Amino acid sequence: MKENFKKYSLNEARSAMLALGCDRYRGDQVFKWIWQKGALDFSVMTNLSRELRESLSERYLVAGLSMAGAGQQGVGARQEGAGVRKYLLGAGDNEDVESVYIREARRRTVCVSCQVGCPLGCRFCATALLGFRRNLHAYEIADQVRLIQQVTGTKCTNVVFMGMGEPLFNFNGVVGALEIITSPLGLSIGRRHTTLSTVGLVEGMEALLRSSIRVKLAVSLNFADEEQRREFMPAARHNRLQDILKVARAYSLRKERVTFEYVMIRHVNDHVRDARRLIELLKDVPSKINLIPYNEHPLLPYKRPTDAVIERFHGILLQSNHTVVIRKSRGQEILAGCGQLSGADRVLTSSKTSV
Ligand code: SF4
């Protein structure tokens, strides 16, 4: 059976070409064809000799994700300069994932998924409804960016690991994807324009800190009370708030400020006492706080707080010395907002047929 050349990292591509008796720079050329020009066939790689192209075709194929459906467009996509589009992308094994393209002023962001489903089961998150199916390979994560660039005809400026799944639960896949995404021979997106969002897996955060990988870190905190956090986010049972904050402090010592995300859910974590607890919790951690009003989902009972409640919460946090931003959520109407990705059509259909 032929191997998929797209699975190879840059170093593996170079080794593969050395094994064929070529110079290692031939690996760079093939890598560029695959990631920068979207080549799906060795025959188009015209800077390689015909013999080499034939030899590669005998041993390898080039296969990645494909569009599983037309991109769904959010309301904002029809407005000048801003918009959201959600894509369902299929892998070869009949699994599919959702990715979101966000256009805002000069910024072009792709929100990538790193797992099919998610094993962590946060109670307010639609992805958790899928359960865990599998980790995505590095090339499948990076291919979401490449494919969206191809169909939108744009060069993406930012990548956020905030789609389906927990990135630090697929550490190797995510690190490999970051290499492809940031390599000048790959998708060539600056490291400072990549953000990884985690629920706060302490071991993974520490591993990231020790590694040479530079990516902005966001921690989905959501609750300042340990007990409540454990109730809503099962991963919190093994990852204590104090340990998360310790690693966040270590990041700030390295002059890399961590962003804390706080998804505000009506009558759950939107009280004045929650805001005060949050200030107290983060008082020694230089950080930015993103308030994310909850994106409702038809299969989940939780609601977005009113604007007045969000403003009151924001006002209290502004009394701390943190930068606090209410994040404008986009794409809720097509279930493309934060925490809404679930292969919704499939989940909704199966839920309807089972009634
Ligand atoms: S919030 Fe993130 S970690 Fe929690 S279930 Fe959803 S995708 Fe998984």
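Two strands pair if DSSP finds at least two bridges between them. The exercises below use this rule on a predicted model.

**Exercise 1. Describe the protein as a whole: how many helices and strands does it have, and what share of its residues is buried?**

Step 1. The protein has 11 helices and 15 strands.

Step 2. Of its 355 residues, 44% count as buried.

Step 3. Consider the contacts between residues at least 6 apart in sequence: 66% of them join residues at least 24 apart.

**Exercise 2. Find how strand 5 and strand 6 are joined, and which residue in the turn has a positive phi.**

Step 1. Strand 5 covers residues 82-90, and strand 6 covers residues 96-104.

Step 2. The two strands run antiparallel and are joined by 9 bridges. A pair needs at least two bridges, so strand 5 and strand 6 pair.

Step 3. Arg-85 stands opposite Tyr-101 of strand 6. Leu-88 faces Glu-98, also in strand 6.

Step 4. Strand 5 and strand 6 form a hairpin with 5 residues between them. Asn-94, in the turn, has a positive phi of about 70°.

**Exercise 3. Follow the sheet outwards from this hairpin: which strands are joined to strand 6 and to strand 5?**

Step 1. Strand 6 is joined by 5 bridges to strand 7 (residues 107-111), and the two run antiparallel. Arg-103 has Arg-108 of strand 7 as its bridge partner.

Step 2. Strand 5 is joined by 2 bridges to strand 3 (residues 66-67), again antiparallel. Here the bridge partner of Met-67 is Leu-89 in strand 5.

Step 3. Of the 9 residues of strand 6, 8 are buried, so this strand is largely enclosed by the rest of the structure.

**Exercise 4. Examine Ala-105 and His-267: what sign does phi have in each, and is each residue buried or exposed?**

Step 1. Start from the general rule: most residues other than glycine have a negative phi.

Step 2. Ala-105 has a positive phi, near 50°. The residue lies in the loop between strand 6 and strand 7, whose hairpin has 2 residues between the strands.

Step 3. His-267 is not a glycine either, and its phi is positive at about 60°. This residue is found in the loop between strand 13 (258-264) and helix 9 (272-281).

Step 4. A residue is exposed if 12 or fewer other C-beta atoms lie within 10 Å of its own. Ala-105 has 7 such neighbours inside 10 Å, so it counts as exposed. His-267 has 10, so it too counts as exposed.

**Exercise 5. Locate the largest nonpolar core: which residues have the most contacts inside it, and where does the core lie relative to domain 1 and domain 2?**

Step 1. The largest nonpolar core has 94 residues. Ala-142, Val-145, Ile-181 and Tyr-262 have the most contacts inside it.

Step 2. Helix 4 (residues 138-152) gives the most to this core, with 6 residues.

Step 3. Both domain 1 (3-61) and domain 2 (66-354) give residues to the core, so the core lies between them.

Step 4. Take Val-145 as an example. Not counting residues up to four places away in sequence, Val-145 touches Val-110, Val-112, Cys-156, Val-159, Ile-181 and Leu-187.

**Exercise 6. Place Trp-35 and Phe-169: in which element or loop does each lie, and is each buried or exposed?**

Step 1. Trp-35 lies in helix 2 (residues 25-36). Phe-169 lies in the loop between strand 10 (158-161) and helix 5 (171-182).

Step 2. The cut-off for a buried residue is 20 or more other C-beta atoms within 10 Å. Trp-35 has 25, so it is buried. Phe-169 has 20, so it is buried as well.

Step 3. Beyond its neighbours within four places in sequence, Trp-35 is in contact with Arg-146, Ile-180, Gly-186 and Leu-187. On the same basis, Phe-169 is in contact with Gln-115, Pro-119 and Leu-201.

Step 4. Trp-35 and Lys-6 are 29 residues apart in sequence, with 8.6 Å between their C-alpha atoms. Phe-169 and Cys-114 are 55 residues apart along the chain, and their C-alpha atoms are separated by 9.0 Å.

**Exercise 7. Describe the shell around the ligand: how many residues surround it, and of what kinds are they?**

Step 1. The ligand is surrounded by 12 residues, and the closest are Cys-118, Leu-120, Cys-122, Cys-125 and Ala-128.

Step 2. The shell divides into 7 nonpolar, 4 polar and 1 charged.

Definitions and conventions. Residues are numbered from 1 along each chain as its sequence is written. This is a predicted model: local features need pLDDT of at least 70, side-chain atom pairs count only at pLDDT 80 or more; totals for chains, interfaces and linings use all residues. A nonpolar core is a set of buried Ala, Val, Leu, Ile, Met, Phe, Trp, Tyr and Cys residues joined through C-beta atoms within 7 Å. Helices (H or I, at least four residues) and strands (E, at least two) are DSSP runs, numbered from the N terminus. Domain bounds come from an automatic or database domain assignment. Two residues are in contact if their C-beta atoms, placed from the backbone, lie within 7 Å. A residue is near a molecule or strand if its C-beta atom, placed from the backbone, lies within 6 Å of it. Ala, Val, Leu, Ile, Met, Phe, Trp, Tyr, Cys and Pro count as nonpolar, Asp, Glu, Lys and Arg as charged, and the others, Gly among them, as polar.
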